[in-house]
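User: I would like a close look at one part of this model. Please take me through the ligand site and the metal site, step by step.

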Amino acid sequence: MWTFHLPTKIHFGLNAAASISELPEICGRRVVIVTDSVVRSVSEIQQLIEKTAPSAVFDKVRPNPTVANVDELTRLLRENNAETVLAIGGGSSMDTAKAAANLAVTTDASIRAYHSEGKTFSQKPIPVVTIPTTAGTGSEVTPIAVLDDEEKIFKSPMSSPSFYPVCAVVDPALTFSLPIHVTAATVLDALSHAIEGYWSKQHQPICDTLAKEAARIIFAHLPEVYDNPKSAAGRKALSYAALTAGIAFHLPKNAMIHACSFPLSNRLHLSHGAACAFTMEEAIRFNAPAMNGRMEEFAKFCGFDEIETMIQTIAFLKRRGGLPCTLQEAGIDSSLTETLIRESFHPLMNNNPRPVTEEDLRKIYTKLEAR
Ligand SMILES: NC(=O)c1ccc[n+]([C@@H]2O[C@H](COP(=O)([O-])OP(=O)(O)OC[C@H]3O[C@@H](n4cnc5c(N)ncnc54)[C@H](O)[C@@H]3O)[C@@H](O)[C@H]2O)c1
Ligand SMILES: [Fe+2]
């Protein structure tokens with residue numbers, strides 16, 4: 001028994017964002033744009049913002065966005081009577097936009113009430129349009145926002161059916177300006193979505209198919225984009241893979257890789273993608289024996305003769321993209337591993353195909369000490 005649902009309209013293609021102002025969700029409406037200062041400084045994006053003639057631009061989103069980010073944006077949306085929220089950026093901007101678009105229609109002042117204090121959304125939000133500028137999170141189509149509550153030292157995804165964007169405009173040309181290490185981290189985040197959506201206890205056939213296809217495309221095209229960051233074919237493939245990986249995990253949900261990533265990014269400030277990539281090879285070695293041959297099938301579909309070859313390729317893609325592969329490279333003192341282990345037991349861990357104990361994670365972190 002499974003259910004598949006995706007209400008977000010998707011426009012995909014090189015230069016698809018050029019006609020954004022003609023979309024019914026944008027045209028003639030009071031639009032507030034949500035982005036970050038780095039993305040705003042990219043000349044193609046500056047032009048895009050001007051074309052949209054927004055009521056206001058909020059460019060204070062920070063990587064791993066915070067409860068405070070969302071609360072500040074919410075005040076701006078209310079002041080401007082926003083009719084559409086247009087997120088242009090990576091997962092951080094899109095997540096901030098989705099959360100604030102939902103909070104703005106309530107009488108609450110802070111998203112904390114919903115992020116960690118149990119309230120649920122019941123009203124129709126301000127419609128959100130997403131334009132991803134990274135090929136990674138899939139947030140352009142997911143009903144999820146990951147927020148960091150700095151006061152509580154609590155980073156966690158929140159999810160609501162009302163978080164689905166009404167429309168996603170995926171324009172791979174907007175990813176040409178990404179530096180290699182951000183490309184590596186974000187694309188490996190997409191790979192982690194493909195793997196986790198596939199091995200989640202709640203996996204289902206449509207998502208399985210998309211997950212395998214997304215991973216196959218990533219293995220085929222990431223090396224090409226490392227060699228030539230402006231490869232239109234390569235960037236197009238990676239944006240498509242990130243989008244489909246987002247669709248692949250949004251219903252089955254993530255598992256141990258993401259559960260372990262939260263303390264790595266929350267406490268130690270690794271980027272989300274680097275944090276997911278950090279335990280990826282060991283998580284595959286750990287889960288594969290409990291998956292009744294499904295991981296072998298995944299590796300073969302991606303063109304590998306066996307799982308271990310796929311794992312070695314992931315290690316190569318991490319190194320080539322400048323991502324940390326050991327505790328030392330990540331700047332993590334081994335005295336911190338017990339804290340990391342303790343804080344990895346997020347509810348997503350219950351989705352893992354194989355039960356995980358503290359001792360299992362201890363063994364994984366010991367392997368990550370040096371290679
Ligand atoms: N909602 C979801 O479904 C979902 C899924 C996975 C991750 N996330 C969350 O998304 C966030 C990470 O998003 P992300 O990985 O896309 O990174 P991000 O949005 O934090 O961006 C990473 C960096 O890249 C820069 N950048 C983005 N686009 C650029 C471009 N075109 N050119 C140059 N620089 C650019 C940004 O300014 C930033 O410094 C995390 O908080 C993570 O937890 C959300
Ligand atoms: Fe992720």
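Analyst:
**The ligand and metal sites**

A nitrogen atom of ligand 1 sits 2.9 Å from a backbone N or O atom of Leu174. Keep in mind that this model is predicted.

Two further contacts involve oxygen atoms of ligand 1. A polar backbone atom of Gly91 is 2.7 Å from an oxygen atom of ligand 1. His272 uses its side chain: a polar atom there lies 3.3 Å from an oxygen atom of ligand 1.

How much of ligand 1 does the protein bury? On its own, ligand 1 exposes 870 Å². The protein buries 91% of that area.

Now look at what surrounds ligand 1. Four elements each give two or more residues to the shell: helix α1 (37-40), helix α4 (91-103), strand β6 (144-149) and helix α6. There are 28 residues around ligand 1. The nearest are Gly91, Ser92, Thr133, Thr134 and Thr142. Gly91 has already appeared, through its backbone contact with an oxygen atom of ligand 1. By type, the shell holds ten nonpolar residues, 13 polar ones and five charged ones.

Next comes the metal. Which residues coordinate the iron ion (ligand 2)? Asp189 does so through OD. His193, His258 and His272 each do so through NE2. The distances run from 2.1 to 2.2 Å. His272 therefore appears at both sites, since it coordinates the iron ion and its side chain has a polar atom 3.3 Å from an oxygen atom of ligand 1, while at 18% relative accessibility it counts as buried.

Why is the arrangement around the iron ion irregular? The four donor atoms subtend angles of 83 to 162°. Four donors count as tetrahedral if all angles lie between 85 and 135 degrees. The range of 83 to 162° goes outside those limits, so the arrangement is not tetrahedral; it is irregular.

Now place the donors along the chain. Their spacing in sequence is D-x3-H-x64-H-x13-H. Distant parts of the chain are linked here: Asp189 belongs to helix α6 (residues 180-199), and His272 belongs to helix α10 (residues 272-278). These two residues are 83 residues apart. Helix α6 also gives two or more residues to the shell around ligand 1.

Are Asp189 and His272 buried or exposed? Asp189 has a relative accessible area of 2%, so it is buried. His272 has 18% relative accessibility. The cut-off for buried is under 20%, so His272 counts as buried too.

Two threonines add some detail elsewhere in the chain. Thr84 is in strand β4 (residues 84-89). Thr84 counts as buried, at 1% relative accessibility. Its side chain makes a polar contact of 2.8 Å with the side chain of Arg29. Thr52 is in helix α2 (residues 43-52). Thr52 is also buried, with a relative accessible area of 8%. Thr52 and Gly28 are 24 residues apart in sequence, and their C-alpha atoms are 9.8 Å apart in space.

Finally, turn to two loops. Asn15 is in the loop between β1 (9-12) and β2 (31-34). Asn15 has a positive phi, near 70°, although it is not a glycine. At 52% relative accessibility, Asn15 counts as exposed. Lys253 is in the loop between α8 (232-250) and α9 (256-266). Lys253 has a positive phi of about 75°, and it is not a glycine either. Lys253 is partly exposed, with a relative accessible area of 30%.

Notes
Residues numbered from 1 in each chain as written. Chains lettered and ligands numbered in written order. Predicted model: local features only at pLDDT ≥ 70, side-chain atom pairs only at ≥ 80, totals over all residues. Heavy atoms only, no water. Donors = N, O, S within 2.8 Å, 3.2 Å for Na, K, Ca; no water. Tetrahedral: all angles 85-135°; square planar, octahedral: opposite > 155°, others 65-115°. Buried < 20%, exposed > 50% of the residue type's maximum accessible area, 1.4 Å probe, protein only. Near = heavy atom within 4 Å. Polar contact = N/O pair within 3.5 Å; in protein donor to acceptor, adjacent residues only side chain to side chain. Areas by Shrake-Rupley, 256 points an atom, 1.4 Å probe, with all protein chains shown as cover. Nonpolar A, V, L, I, M, F, W, Y, C, P; charged D, E, K, R; others polar.
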